[in-house]
Amino acid sequence: MNKPVSRFHMQSATALPSSIPVSVAWGDGIGPDIMDACLRIMLAAGAPLQVEPVEIGERVYQRGVSAGIEPAAWDSLRRTRLFFKAPITTPQGGGFKSLNVTVRKSLGLFANVRPCRAYTPFVESRHPRMDVVIIRENEEDLYAGIEHRQSEDVIQCLKLISRPGCERIARYAFEYARANGRSKVSCFTKDNIMKMTDGLFRKVFEEVAADYPDIRAEHMIVDIGAARLADTPEMFDVVLLPNLYGDILSDVAAQIAGSVGLAPSANIGAGFAMFEAIHGSAPDLAGKGVANPSGLLLAGAMMLQHAGRGDIARIITNAWLRTLEDGVVTADICAANGKAVGTEAFAGAVIERLGEGPRHLKPAVPAAPMDARALVLPRRPAPQTKKLVGIDVFVCSQESPEEIARRLQAASNPLYELALITNRGVKVWPGGLQETFCTDHWRCRFLALPDKQFNKAMIVELLRNLTHAGVDFIKTEHLYEFDGVPGFSMGQGQ
Ligand code: NAD
C-alpha cells in the first residue's frame with residue numbers, strides 16, 4: 001500500500017507545478033464527447049496535464065468486474081494520485097457495485113466538495129444570488145453499509161461517526177472557507193435526536209471553529225437548515241454536512257441553483273483526489289455531439305486549483321463565464337428563442353475567449369493555497385478511562401414486556417440487574433404504556449448494581465443463562481463509561 005503522501009498544493013509549496021500527471025477516464029454515454037472537449041480547453045489554456053488514460057465503467061462491468069474498475073486503473077491512480085473522471089453508466093440489476101463509492105472508500109476521499117452557483121440571467125435560477133459550497137463528509141455515517149436483519153420485523157443499519165473523521169472534515173471546511181475567501185461555515189446535524197453521533201459531529205465542529213476566529217460558524221438542526229437552504233440559499237456560504245444529509249442536500253442545492261448540468265464535484269483525500277461533473281452519462285445524448293461539457297470543465301478547473309495551478313483554473317473559468325454571457329450555450333441551457341451550439345463548438349468558443357473575463361457575472365478570483373492541516377489525520381486525544389458498566393441484550397420475542405422481563409430477571413445475578421426494556425427506543429418496562437406499538441425486537445438493559453463491578457465474564461455467564469432459559473438473544477452491545485460519562489443513549493421515555 002502506498003503511503004498517502006500528498007502532492008497537492010499546500011502552503012509550503014513554492015514553484016508552480018510544470019507537469020500534472022492525471023489518470024483520465026472518458027467514461028460512458030456522453031463521457032467521451034465532454035472529456036475530449038474539456039481536455040482541449042484545458043490544454044489550450046496551458047494546463048501541463050500528463051494524461052494517463054484509464055478504462056472504467058460499462059465495458060469493465062460487462063467483463064464481469066463488479067466494481068467497474070480494474071487493477072491497471074488502480075496502478076495508474078497510485079502513480080498520479082489525481083483522477084479526472086467522465087460519467088459512467090451503471091448497469092441495472094444486482095451484483096454491480098457503485099464505482100464512486102468504491103473509489104471514495106478505497107482512496108480515503110473523505111471530503112466531497114460541490115460548489116452550487118447561480119448564473120442569472122444567463123442560466124435561469126430562482127435564486128439569482130445563490131453561491132453556496134456544500135462540503136459533505138464522504139466516508140462515515142450510514143454509508144458504512146453495515147446492515148443486519150435481526151428478527152422477522154426489524155432490520156438495522158449502523159451509523160458510524162468517528163472523532164477523527166469529524167475533525168478532519170470540519171477542519172477541511174474551515175480551511176476551504178479561508179483559502180477561498182468565504183466568510184461563514186454552517187453545519188447542519190440532527191443532534192437533538194441523535195445526541196451521540198450527530199452530537200459528536202456538532203461538538204467537534206464547534207471545537208474546530210474556535211481555531212478559525214476569522215470565519216463565522218453556525219449550527220442548525222438539519223431540517224430547519226435544509227428548509228432555509230431551499231428558501232433563501234443566499235444566506236449560506238459554506239455548508240458542512242455528515243454523509244447522508246450531505247448526499248441529499250448537495251443535490252437539492254445544485255437543483256435550486258438551476259445549474260445541475262453545470263455543477264462540478266471534487267472528492268478529496270489526503271493522498272488522492274477525484275474530480276467529475278455531478279450529472280450522469282446521459283445515454284439519450286450519447287454520440288450526438290450536443291452535450292454540455294461545463295460541469296466537467298468546472299471540475300477540471302477545481303482539479304487544476306487543487307494541483308497548484310489556480311492561475312490556469314481562473315483563466316478557464318473566466319473564459320467559460322464570458323462564453324455564457326456571450327450567449328454561446330449548449331441545448332440543455334439554451335433559452336427557447338436562443339440558438340444552441342454543439343459540444344465541440346462550445347469548447348471552441350471557450351478557447352477563443354481564453355484570457356477574457358465576464359462583464360456581468362462575478363469572475364473567478366485567486367484562491368490561496370490550502371493549509372496542509374486541511375488534509376492530515378488529526379492527533380488522537382488523550383486516552384480516557386473506559387469502564388464496562390453493563391450490557392444491552394437485544395432479544396427477539398413475541399411475548400409481552402412483562403413476560404420477557406420475568407424470564408430475563410430469572411437469568412440475572414446478584415451483581416447486576418435488568419434495568420430497562422425498550423422497543424424501537426421507547427421504554428416499555430418497567431412502567432410502559434399499553435398503547436405503545438411493539439415489534440418483535442427488544443433492547444434489554446442489564447446494569448451493574450451500585451458499587452458492584454461488571455465484567456466480561458458476567459456477560460458470558462448471562463448469555464449462557466439466557467440460552468438455557470430459551471431466550472432468543474440476537475445481538476449485544478457493551479455499555480461503557482468513558483471518564484465516568486455514559487457512552488450509550490438512554491432511550492426515549494426516560
Ligand atoms: P443523467 O444526469 O445522465 O441525465 C439526466 C438528464 O439530464 C437527461 O435528460 C440528460 O440528457 C440530461 N443531461 C445530463 N448531463 C447532461 C449534459 N452534460 N448535457 C446535456 N444534458 C445533460 O442522469 P440519469 O439519466 O439518471 O443517469 C444516466 C446514467 O448515468 C445511469 O447509468 C446512472 O447510473 C449514471 N450516473 C453516473 C454518474 C457518475 O458517473 N458520476 C452520476 C449520475 C448518474
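This report walks through the ligand site, the pockets, the cavity and a few unusual backbone spots of one protein. The model is a predicted one, so please read the values below as computed from its atoms.

**The overall layout**

Let us start with the domains. The domain assignment splits the protein into domain 1 (1–109 + 258–371), domain 2 (126–257) and domain 3 (386–486). Between the C-alpha centres of domain 1 and domain 3 there is a distance of 53 Å.

**Around the ligand**

Which residues come nearest to the ligand? Ile88, Gly280, Ala282, Asp284 and Asn292 do, out of a set of 18 residues around it. Sorted by class, that shell holds seven nonpolar, seven polar and four charged residues.

Three polar pairings with the ligand can be looked up in the model. They are set out here.

| Residue | Protein atom | Ligand atom | Distance |
|---|---|---|---|
| Histidine 279 | polar side-chain atom | nitrogen | 3.2 Å |
| Glycine 280 | polar backbone atom | oxygen | 2.7 Å |
| Alanine 282 | backbone N or O atom | oxygen | 2.8 Å |

On its own, the ligand would expose 810 Å², and the protein buries 63% of that area. Glycine 280 and alanine 282 each reach an oxygen atom of the ligand through the backbone, while histidine 279 uses its side chain to approach a ligand nitrogen.

**The largest pocket**

Next, the open spaces. The largest pocket encloses about 2,400 Å³. It is lined by 49 residues, and Met196, Thr197, Gly487, Phe488 and Ser489 are the closest to its centre. Several elements each give two or more residues to this lining, among them helix H5 (163–179), helix H6 (197–209), strand E13 (386–396) and strand E14 (416–423). Strand E7 (155–157), strand E16 (441–448) and strand E18 (485–486) are also included.

Which strand gives the most to the lining of the largest pocket? That is E17, with six residues; E17 covers residues 473–482. By class, the lining is made up of 23 nonpolar, 14 polar and 12 charged residues. Domain 2 (126–257) and domain 3 (386–486) each provide at least three residues of the lining.

**The second largest pocket**

The second largest pocket has a volume of about 980 Å³. Its lining counts 44 residues, with Pro115, Tyr176, Asn180, Arg182 and Met302 the closest to the centre. Elements that each supply at least two lining residues include strand E4 (111–117), strand E5 (131–137) and strand E11 (264–268). Helix H9 (294–306), helix H10 (310–325) and H5 also belong to that group. H5 is thus found among the contributors to the largest pocket and to the second largest pocket.

In this lining, 31 residues are nonpolar, seven are polar and six are charged. Where does the second largest pocket lie? Domain 1 (1–109 + 258–371) and domain 2 (126–257) both give residues to its lining, so the pocket lies between them.

**One enclosed cavity**

How many cavities of 30 Å³ or more does a search of the whole structure find? The search finds one. The volume of the largest cavity is about 50 Å³. Its lining consists of Val101, Arg104, Lys105, Asn138, Glu139, Tyr143 and Asn243. By class these are two nonpolar, two polar and three charged residues. Helix H4 (residues 99–106) gives the most to this lining, with three residues. Residues from domain 1 (1–109 + 258–371) and from domain 2 (126–257) both line the largest cavity, so this space, too, lies between those two domains.

**Backbone spots to look at**

A few places in the backbone are easy to pick out on screen. The peptide bond from threonine 120 to proline 121 is cis, with omega near 0 degrees, and proline 121 sits in the loop between E4 and E5. E4 and E5 are also elements that supply residues to the lining of the second largest pocket.

Another cis peptide bond runs from tryptophan 429 to proline 430, where omega is near -5 degrees. Proline 430 belongs to the loop between strand E15 (426–429) and E16, and E16 contributes to the lining of the largest pocket.

Finally, take a look at arginine 81. This residue is not a glycine, yet its phi is positive, at about 65 degrees. Arginine 81 is located in the loop between helix H3 (71–80) and strand E3 (82–85).

Key:
Residues are numbered from 1 along each chain as its sequence is written. This is a predicted model: local features need pLDDT of at least 70, side-chain atom pairs count only at pLDDT 80 or more; totals for chains, interfaces and linings use all residues. Side-chain values use heavy atoms; hydrogens and water are left out. A residue is near a molecule or strand if one of its heavy atoms lies within 4 Å of it. A polar contact is a pair of N or O atoms within 3.5 Å; within protein, one must be able to donate a hydrogen and the other to accept it, and residues adjacent in sequence count only if both atoms are side-chain atoms. Accessible areas come from the Shrake-Rupley method with a 1.4 Å probe; for residues, only the protein chains shown count as cover. Ala, Val, Leu, Ile, Met, Phe, Trp, Tyr, Cys and Pro count as nonpolar, Asp, Glu, Lys and Arg as charged, and the others, Gly among them, as polar. On a 1 Å grid over the protein atoms alone, a cavity is a set of points where a 1.4 Å probe fits but cannot get out, and a pocket is an open set with protein on both sides within 12 Å along at least five of seven lines; lining residues have an atom within 4 Å of a point. Grid points are joined across faces, edges and corners, and a volume is the space filled by probe spheres set on the points. Helices (H or I, at least four residues) and strands (E, at least two) are DSSP runs, numbered from the N terminus. Domain bounds come from an automatic or database domain assignment.
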